[in-house]
Amino acid sequence: MNRNELSIRLANEKKITKLQSDDIINTVFNIIKEALKEEQKVCIKDFGTFYVKPRKGRQLKDISTNKIIKVPDLMELKLKSSQAMKDYLNDKNDKIKWYN
């Protein structure tokens, strides 16, 4: 599912316009991106926790030219799924309370 499909589905389920759903989705994603940029965790109940993890730079060797390539330090985005989400994906629905 891409952002457009998500927006259409949100608009249909909540009986709002697609422009309104686009605005809601963009606002939520921007809030999440800003928090992650500040290296904060974003915890969404029954879904999981988004967080960034630093990854040290390293050196790689290009096998075709034997040149050393330097890969800089990076911040990687990670998602740790909640137990409720893992149970839902593995059809253990009796333990999950999904809220509408």
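Here are a few exercises on this predicted model, each with a worked solution.

**Exercise 1. Does the length fit?**

Task: Work out what span helix α2 should have, and compare it with the distance between its end C-alpha atoms.

Solution: Start with the extent of the helix: α2 covers residues 18-37, which makes 20 residues. The expected span is 1.5 Å times one less than the number of residues. For α2 that comes to 28 Å. Now check the model: the end C-alpha atoms are 28 Å apart, so the two values agree. Right after the helix, look at the backbone of Glu 39, which takes a positive phi of about 60°.

**Exercise 2. Two sides of a helix**

Task: Find which residues of α2 are buried, and say how they are arranged around the helix axis.

Solution: Begin with the cut-off: a residue is buried when its relative accessible area is under 20%. In α2, Ser 21, Ile 25, Ile 32, Ala 35 and Leu 36 are buried. Next, look down the axis: these buried residues fall within an arc of 105°, so they line one face of the helix. Then turn to the face pointing away from the buried side, where you'll find the exposed residues Leu 19, Asp 23, Ile 31, Lys 33, Glu 34 and Lys 37. Finally, ask what the buried residues pack against: α1 (3-14), β1 (42-44), β2 (48-55) and β5 (74-81).

**Exercise 3. Into the core**

Task: List the residues of the largest nonpolar core, and say which element gives the largest share.

Solution: The core has five residues in all: Ile 32, Ala 35, Leu 36, Val 42 and Phe 50. Sort them by element, and the largest share, three residues, turns out to come from α2. Here's the background: in soluble globular proteins, nonpolar side chains tend to be buried together. Zoom in on Ile 32 to see some contacts: leaving out residues up to four places away in sequence, Ile 32 touches Val 42 and Ile 44.

**Exercise 4. Build the sheet**

Task: Put the strands of the three-stranded open sheet in order, and work out which ones stand at the edges.

Solution: The order is β1-β2-β5, and the pairing is antiparallel. Count partners next: β1 and β5 each have a single partner strand, so they stand at the edges and one side of each is left without a neighbour in the sheet. On average, neighbouring strands here are turned by 25° against each other, direction ignored.

Now go through the pairs:

- β1 and β2 pair over three bridges, and Ile 44 has Gly 48 in β2 as its bridge partner.
- β2 and β5 pair over eight bridges; Arg 55 has Leu 74 in β5 as its bridge partner, while Thr 49 stands opposite Lys 80 in β5.

To finish, add the helix: α2 lies across β1, β2 and β5, and runs at about 135° to β1.

**Exercise 5. Positive phi in two loops**

Task: Compare where Asp 46 and Asn 66 sit, and decide whether each is buried or exposed.

Solution: Start with the general expectation: most residues other than glycine have a negative phi. Asp 46 isn't a glycine, yet has a positive phi of about 65°. Asp 46 belongs to the hairpin of β1 and β2, which has three residues between the strands. With a relative accessible area of 16%, Asp 46 is buried.

Asn 66 isn't a glycine either, and has a positive phi of about 60°. Its loop lies between β3 (58-61) and β4 (68-71). At 51% relative accessibility, Asn 66 counts as exposed.

**Exercise 6. Ser 7 and its surroundings**

Task: Say how accessible Ser 7 is, and which residues beyond its sequence neighbours it contacts.

Solution: Ser 7 is found in helix α1. Its relative accessibility is 0%, so Ser 7 counts as buried. Setting aside neighbours within four places in sequence, Ser 7 is in contact with Lys 18, Ser 21, Asp 22 and Ile 25. For another reference point, take Gln 20, which is found in α2. Gln 20 and Ser 7 are 13 residues apart in sequence and 8.8 Å apart in space, C-alpha to C-alpha. Gln 20 is partly exposed, with a relative accessible area of 43%.

Conventions: Residues numbered from 1 in each chain as written. Predicted model: local features only at pLDDT ≥ 70, side-chain atom pairs only at ≥ 80, totals over all residues. Heavy atoms only, no water. Helix = DSSP H or I, 4+ residues; strand = E, 2+ residues; numbered from the N terminus. Buried < 20%, exposed > 50% of the residue type's maximum accessible area, 1.4 Å probe, protein only. Arc of directions from axis to C-beta. Contact = heavy atoms within 4.5 Å. Core = buried A, V, L, I, M, F, W, Y, C linked by side-chain atoms within 4.5 Å. Pairing = 2+ DSSP bridges. Axes fitted to C-alpha atoms, helices over the stretch in contact; angles between N-to-C directions.
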